[in-house]
Amino acid sequence: MGKKNIVILAAVVLLSIIAAILIYPYPTDIHELDIYLKVGNYTGIDVDTSAVVFGTIMPTGRASRDIVITNEDVKQHKIRINIAGKLKDWITMSDNRFNLDASENRTITLTINVPGNARYGNYTDRLMIIFG
């Protein structure tokens with residue numbers, strides 16, 4: 001490989017890295033919330049606001065919870081919301097990638113659909129709200 005090709009390859013790699021940083025900025029803050037669910041033979045609710053608590057749901061049952069995300073910064077942030085573990089396959093979100101202007105709020109609805117073959121028991125997971 002000649003010098004010219006090495007220089008061109010290095011320039012392409014450098015430009016790719018710069019583009020990736022501009023498109024996907026590093027997170028400036030990450031907030032985490034616990035997610036709790038109990039699968040049982042009855043339906044029960046929980047109004048705890050320190051976590052996303054779906055209460056007790058029967059197999060094939062469904063429940064929704066709202067969370068409010070507030071940008072308390074003076075600049076716009078790119079928000080990404082991820083669920084870390086097994087419940088990510090059971091939970092849908094009204095939105096999981098969006099821009100949030102300074103001092104803006106957005107309500108996100110999380111809906112869990114418990115599969116018919118879910119075993120009775122307690123389930124936990126983590127919701128990560130990433131400010132980029």
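A residue is called exposed when its relative accessible area is over 50%, and buried when that area is under 20%. The exercises below apply this cut-off, among other things, to a predicted model.

**Exercise 1. Decide whether threonine 60 is buried or exposed, and describe its place and its backbone.**

Step 1: threonine 60 belongs to the loop between strand 2 and strand 3.
Step 2: because its relative accessibility is 64%, threonine 60 counts as exposed.
Step 3: most residues other than glycine have a negative phi. Threonine 60, although it is not a glycine, has a positive phi of about 70°.

**Exercise 2. Carry out the analysis of Exercise 1 for serine 103, asking where it lies and whether it is buried or exposed.**

Step 1: the loop between strand 6 and strand 7 contains serine 103.
Step 2: with a relative accessible area of 60%, serine 103 is exposed.
Step 3: the phi of serine 103 is near 65°, which is a positive value in a residue other than glycine.

**Exercise 3. Work out the strand order of the open sheet of 5 strands, and identify its edges.**

Step 1: the order of the 5 strands is 2-1-8-4-6, and the pairing in this open sheet is mixed.
Step 2: strand 2 (52-57) and strand 6 (97-100) are the edge strands, each of them pairing on one side only.
Step 3: on average, and with direction ignored, neighbouring strands of this sheet are turned by 20° against each other.
Step 4: strand 1 (residues 29-39) pairs with strand 2 in the parallel sense over 4 bridges, whereas strand 1 and strand 8 run antiparallel and are joined by 11 bridges.
Step 5: particular residues can be placed on these pairings, since tyrosine 36 stands opposite valine 53 in strand 2, isoleucine 35 stands opposite valine 52 in strand 2, and isoleucine 30 has isoleucine 130 of strand 8 as its bridge partner.
Step 6: although strand 2 is an edge strand, it is mostly covered, with 6 of its 6 residues buried.

**Exercise 4. Find the strand order of the open sheet of 3 strands, and explain why one side of each edge strand is left without a neighbour in the sheet.**

Step 1: this open sheet has the order 3-7-5, with antiparallel pairing.
Step 2: strand 3 and strand 5 (91-93) stand at the edges, and because each has a single partner strand, one side of each is left without a neighbour in the sheet.
Step 3: from one strand to the next, the twist averages 25°.
Step 4: the antiparallel pairing of strand 5 with strand 7 extends over 3 bridges, and within it isoleucine 91 stands opposite isoleucine 112 in strand 7.

**Exercise 5. Determine whether threonine 111 is buried or exposed, and find the partner of its side chain in a polar contact.**

Step 1: threonine 111 is part of strand 7 (residues 105-113).
Step 2: its relative accessible area is 9%, so threonine 111 is buried.
Step 3: the side chain of threonine 111 makes a polar contact with the side chain of serine 64, at 2.8 Å.

**Exercise 6. Describe the largest pocket by its volume, the residues closest to its centre, and the strands that supply its lining.**

Step 1: rolling a probe the size of a water molecule over the atoms shows where empty space is left. For the largest pocket, the volume comes to about 240 Å³.
Step 2: the lining consists of 14 residues, and those closest to the centre of the pocket are Asp29, His31, Ile69, Thr70 and Phe131.
Step 3: strand 1, strand 3 (62-70) and strand 8 (121-131) each supply at least two residues of this lining, and strand 3 gives the most, with 4 residues.
Step 4: sorted by class, the lining has 6 nonpolar, 5 polar and 3 charged residues.

**Exercise 7. Decide whether leucine 15 is buried or exposed, and state how its C-alpha atom is placed relative to that of lysine 78.**

Step 1: leucine 15 is found in helix 1 (residues 3-23).
Step 2: because its relative accessibility is 59%, leucine 15 counts as exposed.
Step 3: leucine 15 and lysine 78 are 63 residues apart along the chain, and their C-alpha atoms are separated by 22 Å.

Definitions and conventions. Residues are numbered from 1 along each chain as its sequence is written. This is a predicted model: local features need pLDDT of at least 70, side-chain atom pairs count only at pLDDT 80 or more; totals for chains, interfaces and linings use all residues. Side-chain values use heavy atoms; hydrogens and water are left out. Two strands pair if DSSP finds at least two bridges between them. Axes are lines fitted to C-alpha atoms, for helices over the stretch in contact, and angles run from 0 to 180 degrees between N-to-C directions. On a 1 Å grid over the protein atoms alone, a cavity is a set of points where a 1.4 Å probe fits but cannot get out, and a pocket is an open set with protein on both sides within 12 Å along at least five of seven lines; lining residues have an atom within 4 Å of a point. Grid points are joined across faces, edges and corners, and a volume is the space filled by probe spheres set on the points. Ala, Val, Leu, Ile, Met, Phe, Trp, Tyr, Cys and Pro count as nonpolar, Asp, Glu, Lys and Arg as charged, and the others, Gly among them, as polar. Buried means under 20% relative accessible area, exposed over 50%, partly exposed in between (1.4 Å probe, protein chains only). A polar contact is a pair of N or O atoms within 3.5 Å; within protein, one must be able to donate a hydrogen and the other to accept it, and residues adjacent in sequence count only if both atoms are side-chain atoms.
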